[in-house]
Amino acid sequence: MVKAPAGNKLAILSALSRDHFISGQVLGETLGISRAAVSKHIKSLQEMGIDIFKVTGKGYRLNHSLPLLNQNKILPVWQALSDSPCNIEVQPIIDSTNSELMRRIQSPDSYIRSGQVLVAEMQQAGRGRRGRQWQSPFGANLYYSYYWRFDEGMQAAMGVSIAVGLAVYDALQALYDLDVQLKWPNDIYINEQKLAGILVELDGQMEGPCHLVIGIGLNVAMPAGAAKQIDQAWTDLSQHVSNIDKNQLAVVLTLCLHKRLSMYQRNGLADMVAQWNELNAFRNQVVSLSTGQRQWRGVCEGIDAQGGIVLRQDGECKSYYGGEISLRKEG
């Protein structure tokens, strides 16, 4: 059976290695496609920023190994860690994992269960906070979205990004013993460099049942070409740990999210504020807070019980809320 083009790209990447060459003929025979089709897929992968060598008489080889997702590898990892059904779905290429889950929520013909996860190897229209583009090169990073139905309403869900940040911290601690910091309201840092971002989108009622799509973009092995387009200090997992398995990362992140969202459903942020404040990337530092039209300056004291950022200004502490607020360290 001939695979779909996106599936062929994944199969080619899975077959390629940084340690040895593989010929176009062997790739074509394995996939049941022509050598010309193999060459076309290789060119397409190179245009996506993947560094693939070609040597006449030898074939193709990767410059750097890519930690790829695989549905068949995710399931045994899940079963080793959880008794519940695995709801992680892998898509090779998609416009946006968040957008796809939102479409399923809003479609009368689509059934989606709370806890459904969608991960992809590439996003063609990845989105960050405030409408920014999220760099999403093929196979390089983790593009992840989680659907959660929350019956307490949109108003009560305003602190969810705090719980999600702690879930990312939990996963990175469990897998890699990494000490990360959290930047309000939705970023994960290592040594003042951005490792991951969170985008929570809501659909529903202010005080009734609502749907949340929790998007997480986590830099794993960012290629140099994509890195040139990032306009802030950044880092990726490959700079801090080796032998990264994205399948294991997706599973552990999902289980950590389950746990933190269950805590949030029971008690809101009551059991998480103190820990978040310990991990605050700007703890006791002078920061500026901006909505684009107004700006405030003060010492960052952390978050309050509702997840708002607390600034100390002229000896008084004041909390600020809002999805479009930008927080930056001064100096």
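The following legends describe views of a predicted model of one protein chain.

**Figure 1. Overall fold of the predicted chain.** Nine helices and 14 strands make up the secondary structure of the chain. The chain is as compact as a globular protein of its length, because its radius of gyration of 21 Å is close to the 20 Å that the globule rule gives for 331 residues. The C-alpha trace spans about 75 × 45 × 35 Å along its principal axes. Of contacts between residues at least 6 apart in sequence, 64% join residues at least 24 apart.

**Figure 2. Confidence along the chain, with close-ups of helices α7 and α9.** The mean pLDDT of the chain is 88, and 90% of the residues score at least 70. Confidence is lowest in helix α7 (residues 224–227), where the mean is 62. Helix α9 (residues 273–278) has the highest confidence, at 98. Where pLDDT is low, the predicted coordinates should not be read in detail.

**Figure 3. The largest nonpolar core, centred in this view on Leu-172.** This core contains 69 residues. Leu-172 and Leu-237 touch the most other members. Helix α6 (residues 160–176) gives the most to the core, with eleven residues. Beyond its neighbours within four places in sequence, Leu-172 is in contact with Leu-237. Its other contacts of this kind are Asp-177, Leu-178, Val-180, Ile-188, Leu-195, Leu-218 and Leu-249.

**Figure 4. A separate nonpolar core.** Apart from the largest core lies another, of 20 residues. Its members include Ile-12, Ile-22, Ile-42 and Ile-50.

**Figure 5. Cysteines Cys-210, Cys-300 and Cys-317****.** The count of disulfides comes to zero. Cys-210 has 0% relative accessibility and therefore counts as buried. Cys-317 is in no disulfide, and the nearest cysteine sulfur, that of Cys-300, is 10 Å away. With a relative accessible area of 53%, Cys-317 is exposed, because the cut-off for this class is over 50%.

**Figure 6. Burial and surface of the chain.** Buried residues account for 53% of the 331 residues. The chain exposes about 16100 Å², of which carbon and sulfur atoms supply 46%.

Note on methods
Residues numbered from 1 in each chain as written. Predicted model: local features only at pLDDT ≥ 70, side-chain atom pairs only at ≥ 80, totals over all residues. Heavy atoms only, no water. Core = buried A, V, L, I, M, F, W, Y, C linked by side-chain atoms within 4.5 Å. Buried < 20%, exposed > 50% of the residue type's maximum accessible area, 1.4 Å probe, protein only. Helix = DSSP H or I, 4+ residues; strand = E, 2+ residues; numbered from the N terminus. Contact = heavy atoms within 4.5 Å. Disulfide = S-S within 2.5 Å. Rg over C-alpha atoms; globule rule 2.2 N^0.38 Å. Areas by Shrake-Rupley, 256 points an atom, 1.4 Å probe, with all protein chains shown as cover. pLDDT = per-residue confidence, 0-100.
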